[in-house]
Amino acid sequence: MILSDLLGVPVTDPAGAPLGRVADARFVLDGPLDGQLAAARLFGLLVSPHTGSSFLGYERRTMRAPYPIAVVLRWRHRGIFLLRWEDVERVDRDGVHARPGWTRYDATID
Amino acid sequence: MTDEGERLPRPEYRGRVLDAALHLLDRQVQDVHGEPVQTADDLEIGDVPVGESLEGAERPRILAILNGTALSTRVVGGRPPSSTLERIPWRHVADVGTAIRLTIEADDVDATWRERWVRDHIIRRIPGGRHDPE
Amino acid sequence: MKGLFAVALGVLTAIGGFLDIGDLVTSSVVGSRFGLSLAWVVVVGVVGICLFAQMSGRVAAASGRATFEIIRERLGPRAGAANLIASFLINLMTLTAEVGGIALSLQLASSVAPGAWIPVAAFGVWLVIWRVKYDLMENVTGMLGLALVVFAVAVFLLHPDWSSLATQALTSPVPAGESAGTYWYYAVALFGSAMTPYEVFFFSSGAVEEKWTLKDLAQSRLNVLVGFPLGGLLTLALAACAALVLMPQNVEVTSLSQVLLPIAQAGGKLAVAFAIVGFVAATFGAALETGLSTGYTLAQFFGWSWGKFRRPTRAARFHLTIMIGLVIAMGVLATGVDPVQVTEYSVVFSAIALPLTYLPILIVANDPEYMGEHVNGRITNVVGMVYLVIILVAAIAAIPLMIATGAGA
């Protein structure tokens with residue numbers, strides 16, 4: 001599949017209630033070596049409750065300025081969280097479904 | 001960053017974190033000498049079986065950086081036919097910074113066939129095209 | 001001289017922004033109709049372009065990324081493509097105007113009809129982009145463009161009443177016989193042309209062409225602080241000349257030759273010769289800037305290889321884009337359109353391109369992954385945000401003002 005198939009799709013909890021949309025896909029270079037780099041494996045999805053639009057880099061803690069832009073983007077993405085891939089039950093035409101017992105993780109990185 | 005102001009738990013990352021849209025999509029891809037090759041128009045990732053339980057399935061990996069028709073569908077929507085996608089396999093990626101650096105030369109990347117075509121059929125035939133500016 | 005050449009990139013960039021054929025005529029139009037009452041707009045524009053050009057130069061020096069690369073990277077393909085189309089059209093319209101402008105300038109020098117000069121002008125621009133080394137190109141056009149300083153000299157030779165000029169500039173009255181609508185239309189047009197986006201495309205790409213690194217930040221700052229204020233000063237000199245000579249006689253400026261009238265009165269034939277050299281160099285420089293910028297924007301959006309520092313075979317699509325741009329420019333000019341009029345309508349596209357260019361520059365200049373410790377300081381960010389608001393207001397006001405005033409008629 002291609003990445004655009006995941007971005008922007010709706011995410012629901014096990015009961016079918018909407019959680020938001022996929023704002024980004026987080027990969028971690030923690031796989032076996034693939035060429036010069038470790039394989040990049042899907043770690044989880046950033047789920048934003050209010051928008052599927054871009055965060056323009058302000059998901060990083062180190063990105064704080066200019067203050068008004070940071071405030072507007074953080075407000076648009078308020079409540080964003082990381083849904084780990086192991087907490088995803090299945091992906092189908094309606095979107096991504098979290099499995100029972102899933103955890104809401106902090107989405108920010110440094 | 002959350003509505004309630006509560007602190008969510010932070011997961012443990014055992015390697016460098018790359019957010020696909022933030023760190024990879026739309027970045028410049030350069031060859032081993034720093035020559036521009038293309039932009040990362042999309043990523044090909046390992047297949048996720050649609051509608052099936054992912055219990056026990058492996059985490060999908062980034063297989064390749066895509067170019068070409070992947071861009072037009074991101075602008076106007078739809079899905080590119082898989083056969084028209086041009087791929088740079090992940091094993092050719094040397095580093096990800098403000099640009100994505102490859103371990104191979106631009107001319108060895110399939111996606112640069114248009115650049116090579118324009119070079120060989122037009123630019124090379126104009127006097128002076130093969131020399132450094134003076 | 002070496003010191004002068006060190007700021008050639010800034011001077012050439014500013015010439016393309018402030019003294020291209022459209023601006024040469026518009027500045028005189030504004031001077032003859034509004035005196036110096038719009039001088040404040042030029043000052044606001046100079047500060048704005050200095051601020052953002054310096055940011056774009058700093059991003060290029062710190063990360064090696066030119067402006068359209070970061071536009072695509074930060075805004076994504078949709079907003080990026082919207083900006084690409086608008087910016088590309090501005091580049092192309094200005095390039096067309098400049099090729100015609102070179103022909104008009106050469107006509108003033110030779111009295112050979114401009115139609116004959118157009119292919120020569122286009123070929124000359126192409127040849128320089130194709131074969132001439134980057135620093136030679138910027139040094140020659142930048143230095144010859146300085147011949148326009150004759151307009152500043154002319155202001156002194158005309159022995160103006162300095163206090164009334166100063167009063168005009170400081171109190172900014174709307175002159176009798178002009179409506180507030182036309183006043184603000186020209187205010188927006190002057191501001192848009194001072195901050196026209198190809199200046200940052202050209203400046204940041206030039207920084208990459210010259211292989212600037214963090215060690216060159218001081219040079220970048222110097223280029224910005226010499227080039228753009230000089231461009232602004234010459235704009236004001238053009239307007240002041242027109243205000244002193246053409247305004248009292250109620251001359252309506254419509255052509256390049258009328259721009260020369262105050263110079264002839266102040267300094268005679270020699271001064272006119274200087275001014276014509278300046279016109280040729282400025283329009284040629286602006287043609288190089290916009291011609292290269294058509295290549296820069298397209299190549300950087302799609303990730304193609306670009307740059308004059310590479311031989312043309314190593315940047316094939318970049319050079320092909322520029323050639324096609326020049327052919328289109330010649331085709332448009334062959335229809336007999338007035339080059340000065342062509343640039344007037346680029347204001348419409350600036351409304352889209354300005355915000356979508358300066359927002360990503362401001363954001364990336366704050367991104368430590370690109371900038372390391374060289375992120376924007378607090379004051380730069382405050383002023384940058386103020387300008388973003390001004391740009392947004394100007395962008396929103398541009399099209400209604402243009403329609404309401406019939407493009408300032």
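Helices, of at least four residues, and strands, of at least two, are DSSP runs numbered from the N terminus, and the legends below use these numbers for a model that is predicted.

**View 1. The cis peptide bond before Pro66(A).**
In this close-up of chain A, the place to look is the loop that runs between strand 3 (37-48) and helix 1 (67-76), where Pro66(A) is found. The peptide bond that leads from Ala65(A) to Pro66(A) is cis, and its omega is near -10 degrees. As background for reading this view, most residues other than glycine have a negative phi, and most peptide bonds are trans.

**View 2. The largest nonpolar core and the surroundings of Phe151(C).**
The largest nonpolar core has 169 residues, and those with the most contacts inside it are Phe52(C), Phe151(C) and Tyr358(C). The element that gives the most to this core is helix 5 of chain C, spanning residues 67-110, with 18 residues. Another core lies apart from the largest one, and its 47 residues include Met1(A), Leu3(A), Leu37(A) and Leu42(A). When neighbours within four places in sequence are left aside, Phe151(C) is in contact with Ala237(C), Leu238(C), Cys241(C), Val259(C), Ile263(C), Ala275(C) and Phe279(C).

**View 3. Helix 8 of chain C and its buried side.**
Helix 8 of chain C covers residues 149-157, and its buried residues are Val150(C), Phe151(C), Ala154(C) and Val155(C). Because these residues cover an arc of only 150 degrees around the axis, they lie on the same side of helix 8 of chain C. The elements of chain C against which these buried residues pack are helix 9 (162-171), helix 12 (217-246), helix 13 (256-259) and helix 14 (261-302).

**View 4. Two loop residues of chain C with positive phi, His159(C) and Asn250(C).**
Just after helix 8 of chain C comes His159(C), which lies in the loop between helix 8 and helix 9 of that chain. The phi of His159(C) is near 45 degrees, a positive value in a residue other than glycine. With a relative accessible area of 68%, His159(C) is exposed, since the word exposed is kept for values over 50%. A second example is Asn250(C), whose place is in the loop between helix 12 and helix 13 of chain C. The phi of Asn250(C) is near 55 degrees, which is again positive in a residue other than glycine, and Asn250(C) is exposed, with a relative accessible area of 68%.

**View 5. The second largest pocket and its lining.**
The second largest pocket has a volume of about 650 Å³. It is lined by 40 residues, of which the closest to the centre are Gly22(C), Thr26(C), Val340(C), Thr343(C) and Glu344(C). Two or more lining residues come from each of helix 3 (21-34), helix 5, helix 10 (180-194), helix 16 (339-344), helix 17 (346-364) and helix 19 (378-405) of chain C. Helix 10 of chain C gives the most to this lining, with 8 residues. Sorted by class, the lining of the second largest pocket has 20 nonpolar, 14 polar and 6 charged residues.

**View 6. Ala14(C) and Thr235(C), two buried residues.**
Ala14(C) has its place in helix 2 of chain C, which spans residues 8-18, and at 1% relative accessibility Ala14(C) counts as buried, because buried means under 20%. Not counting residues up to four places away in sequence, Ala14(C) touches Leu19(C), Glu199(C), Gly227(C), Phe228(C) and Gly231(C). Although Ala14(C) and Val342(C) are 328 residues apart along the chain, their C-alpha atoms are separated by 20 Å. Thr235(C), placed in helix 12 of chain C, is also buried, with a relative accessible area of 6%. With neighbours within four places in sequence left aside, Thr235(C) is in contact with Phe18(C), Leu19(C), Ser27(C) and Val42(C).

**View 7. Ala169(C), a partly exposed residue of helix 9.**
Ala169(C) is found in helix 9 of chain C and is partly exposed, with a relative accessible area of 22%. Not counting residues up to four places away in sequence, Ala169(C) touches Leu36(C) and Ala39(C). Measuring from C-alpha to C-alpha in the model, Ala169(C) and Gly232(C) are 14 Å apart in space and 63 residues apart in sequence.

Methods: Residues are numbered from 1 along each chain as its sequence is written. Chains are lettered from A and ligands numbered from 1 in the order in which they are written. This is a predicted model: local features need pLDDT of at least 70, side-chain atom pairs count only at pLDDT 80 or more; totals for chains, interfaces and linings use all residues. Side-chain values use heavy atoms; hydrogens and water are left out. A nonpolar core is a set of buried Ala, Val, Leu, Ile, Met, Phe, Trp, Tyr and Cys residues joined through side-chain atoms within 4.5 Å. Buried means under 20% relative accessible area, exposed over 50%, partly exposed in between (1.4 Å probe, protein chains only). Contact means heavy atoms within 4.5 Å. The arc is that of the directions from the helix axis to the C-beta atoms. On a 1 Å grid over the protein atoms alone, a cavity is a set of points where a 1.4 Å probe fits but cannot get out, and a pocket is an open set with protein on both sides within 12 Å along at least five of seven lines; lining residues have an atom within 4 Å of a point. Grid points are joined across faces, edges and corners, and a volume is the space filled by probe spheres set on the points. Ala, Val, Leu, Ile, Met, Phe, Trp, Tyr, Cys and Pro count as nonpolar, Asp, Glu, Lys and Arg as charged, and the others, Gly among them, as polar.
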